[in-house]
Amino acid sequence: MPSHKYHDVYARVAVPLKDRMWPSRRLTEAPLWVPVDLRDGNQALAEPMDPARKRRFFELMVAMGYKEIEVGYPSASRTDHDFVRLIADERIAPPDVTVVVFTPARPELIEQTVASIAGIPNDVVIHMYAATAPLWRSVVLGHDRASLKELILEGGRHILKLAGHLPNVRFQFSPEVFNLTEPEYALEVCDAMTELWEASPDRPVTLNLPATVEVATPNVYADQIEHMHRNLARRDSVILSVHPHNDRGTGVACAELAVLAGAQRVEGCIFGNGERTGNVDIATLALNLHAQGIDPMIDFSDIDEVRRTVEYATRLDVPPRHPYAGDLVHTAFSGTHQDAIRKGFAAHRPGEWEVPYLPIDPADLGRGYDEVIRVNSQSGKGGIAYLLETGYGVELPRRLQIDFARHVQRHTDTTGDEVTAADLWALFEATYLTGEPAVTLAGYQTSDTGTTVTLRVDGTERTSTHEGVGPVEALVEALAAGDITVDVLSLHQTSIGAGSDSEALTLLEHRAGGVTRWTAGRDRSVLAASLAAVLRATA
Ligand SMILES: CC(=O)SCCNC(=O)CCNC(=O)[C@H](O)C(C)(C)COP(=O)(O)OP(=O)(O)OC[C@H]1O[C@@H](n2cnc3c(N)ncnc32)[C@H](O)[C@@H]1OP(=O)(O)O
Ligand SMILES: CC(C)C(=O)C(=O)O
């Protein structure tokens, strides 16, 4: 690989901090999340959202509780412009939602942007950007540091002139590619903008510091953010925002460390859509907080509905391994994970969540437990037992679990396929429940003196009377004396293991209320006790 073509971040930009504080800080509350799906996400789509898609996505974000939403780049396209006008004309943004519109520092585009927001009753943020990193300065924009600063200030002045008098309007500036901009230059330009826009606690300016293209390990971004946090002028009048992308796959880490470093606001896209590898994924960030006991302030309680809407709007699928939202993120196929999850469920105490391999309760996201364990050739007895328990109410004793798992393994090794609970049950029946039940209970009669039980054993009926007891005890006594089953009960004999390890086994099936329970063992008295418990519970 021609790795010599590249340089690490330290060769490209000075990394400013030595006495960093962020490593010893903790996340304690959610930052302000600002979804940019309708702008940065939208500009990265092969087919940008049409008006219906934009509107449905916007309504989803409102319903989820976002309080500040970047709604578009009004000078970019008719659709973007018209959507901003829709907000003005049809008042589709609730009063407590701030609307952000995006513009470059170009006078004619600023004019279109300001014109687009006329009549919006909500708070509005006009967000102006310009790239400040050396490569962009020289190659893209054709400016040196001084002339670029002047271009930016000129854009800022223009916005001020056109919108400064509007009481519901605030301003935002992004030095694009902040993470490759010389720290002292980023500071100089940002301070110049807050001075120009007269940032004050009553009318704060948002300074949004993007990792436009992610180029370094997240600690570097955290240092850069903390440096700004500690050195910006008018800090109490600045909302410090970050905008990580995900080129290295570490956008989430960058955002989390940036919040430790002093960022108060995070821009991203709900499932990480965006240029190239995407903007930082807000769902992951928010649910990472949730999983640490911190209220994310955004509602993901029906994550599949959120996902359906986002997939509809973007025409992009959320992959099966996507954190929290993918189809497979709450599913274990592997045997030891399944065993641990099953034991975790059994030991689980309401009100707390500590289940091995499941960092959060799927129910928090509106999901059930059906998909938590799925069985294939990588699975073991615990997972198989779990599916039979949850799907059929069948509680196999350990020895039978071990035996049955061997049969399942043979089957899955042969087919290579996943097996469902129904497949397992069919295999169980074919393995152990062949032929007629050994014994059936034809009926029983109770009287003042006791219960008469009629058993059918090998086609012959036997009647026995059990004095002074009701049907449950009579059945237990009959069972203790011989084999027994009725329409709701059946008893099968089988053996497991081979040679000296083989063991005769009695399987007792009890169906009640549509649920089947199984007990198995050598010892008839164990079966009797278990039968009595089952019958009493359903009497
Ligand atoms: C990191 C980001 O996400 S930035 C946002 C990127 N998003 C988009 O580009 C989506 C929407 N964009 C568009 O629809 C179009 O680019 C438009 C309508 C805004 C502009 O279109 P055009 O006028 O055709 O210009 P074009 O797209 O080629 O933009 C390049 C020009 O803008 C200039 N420019 C780029 N960024 C900025 C900026 N922030 N401020 C001022 N000028 C800028 C470039 O220097 C270049 O100018 P030049 O033609 O004099 O060399
Ligand atoms: C201009 C900013 C906000 C941006 O979209 C980026 O840098 O990616």
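Start by selecting the shell around ligand 1 and colouring it by residue class: you get eight nonpolar, three polar and three charged residues. Keep in mind as you click around that this is a predicted model. The shell counts 14 residues, and the closest to ligand 1 are Q43, A76, P104, A105 and A130. Now show the secondary structure here: strand 4 (124–131) and helix 6 (134–141) are the elements that give two or more residues to this shell.

Next, zoom out and colour the protein chain by domain. Use 21–314 for domain 1, 335–433 for domain 2 and 439–537 for domain 3. Drop a centroid on the C-alpha atoms of domain 1 and another on those of domain 2, and you'll find 45 Å between the two centres.

Where do these two domains meet? Select the contacts: eight residues on the domain 1 side touch five residues of domain 2. On the domain 1 side, helix 11 (282–290) and helix 12 (303–314) supply at least two residues each. Colour that side by class and it splits into four nonpolar, two polar and two charged residues.

Last stop: helix 13, residues 335–347. Try a quick ruler check on it. With 13 residues at 1.5 Å a residue, helix 13 should span 18 Å, and its end C-alpha atoms are indeed 18 Å apart, so the two agree. Then pick out G335, H337, Q338, D339, I341 and R342, which are buried residues of helix 13. What do the buried residues of helix 13 pack against? Bring up residues 381–392 and you have the partner, helix 14.

Note on methods
Residues are numbered from 1 along each chain as its sequence is written. Chains are lettered from A and ligands numbered from 1 in the order in which they are written. This is a predicted model: local features need pLDDT of at least 70, side-chain atom pairs count only at pLDDT 80 or more; totals for chains, interfaces and linings use all residues. Helices (H or I, at least four residues) and strands (E, at least two) are DSSP runs, numbered from the N terminus. The expected span of a helix is 1.5 Å times one less than its number of residues. A residue is buried if 20 or more other C-beta atoms lie within 10 Å of its own, exposed if 12 or fewer, and partly exposed in between; C-beta atoms are placed from the backbone. Two residues are in contact if their C-beta atoms, placed from the backbone, lie within 7 Å. A residue is near a molecule or strand if its C-beta atom, placed from the backbone, lies within 6 Å of it. Ala, Val, Leu, Ile, Met, Phe, Trp, Tyr, Cys and Pro count as nonpolar, Asp, Glu, Lys and Arg as charged, and the others, Gly among them, as polar. Domain bounds come from an automatic or database domain assignment.
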